[in-house]
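Please take a moment with the sequence and the structure shown below, and then follow the explanation from the overall plan down to single residues.

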Amino acid sequence: MHPRFLLLAALAVSTSACASSDELQAGMERYKNEPVNELVARLGPASSTAPDADGPLWVWSTGDSLTGSALNCALRVRVGDDQRVIAADWSGNYGACRYVSQRLQGQH
């Protein structure tokens, strides 16, 4: 394959991944200081919750059962004593995180 084609393909994929991460981050900003139940309404029950000194950590993670593929995305949300979202971060790959982003925006 031509090296220039490979470079352009790699740039296209990385640009798409950035767009998805920006969308997911923007989607999460919308939920900051909102009741965590709003996330539950969009994403379903959290995959796990764990107590922490800084407040409970709620995690939604995708995998084969949610996306129908081996793609993974983990959304970690810190919740205050008042059950409101304090902060969030995420990790994962483009396809699964894009799906989560769309769910947060009400597209699925």
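Read along the sequence, this protein, shown here as a predicted model, runs through the pattern α-α-β-β-α-β-β-α, which amounts to four helices and four strands. The protein has 108 residues, and 28% of them count as buried, while its accessible surface comes to about 6600 Å², with 55% of that area belonging to carbon and sulfur atoms. If we consider the contacts in the protein with a separation of 6 or more, residues 24 or more positions apart account for 45% of them.

One link in the chain deserves a careful look. A disulfide is a covalent bond between the sulfur atoms of two cysteines. A search of the whole structure finds one disulfide, and it joins C73 to C97, with an S to S distance of 2.3 Å. Because C73 lies in strand β3 (residues 73-79) and C97 in helix α4 (residues 94-104), the pair ties together parts that are 24 residues apart in sequence. The torsion about the S-S bond of C73 and C97 is about 100°, and the disulfide is therefore right-handed. Both cysteines, C73 and C97, are buried.

From C73 we can move on to S61, a residue of strand β2 (residues 57-61). Leaving aside residues up to four places away in sequence, S61 touches S47, C73 and A74, so that one of its partners, C73, is also a member of the disulfide. Is S61 buried or exposed? With a relative accessibility of 39%, S61 counts as partly exposed, since this class lies between the limits of 20% and 50%. Finally, the C-alpha atoms of S61 and W90 are separated by 9.4 Å, and these two residues stand 29 residues apart along the chain.

Notes. Residues numbered from 1 in each chain as written. Predicted model: local features only at pLDDT ≥ 70, side-chain atom pairs only at ≥ 80, totals over all residues. Heavy atoms only, no water. Disulfide = S-S within 2.5 Å. Helix = DSSP H or I, 4+ residues; strand = E, 2+ residues; numbered from the N terminus. Buried < 20%, exposed > 50% of the residue type's maximum accessible area, 1.4 Å probe, protein only. Contact = heavy atoms within 4.5 Å. Areas by Shrake-Rupley, 256 points an atom, 1.4 Å probe, with all protein chains shown as cover.
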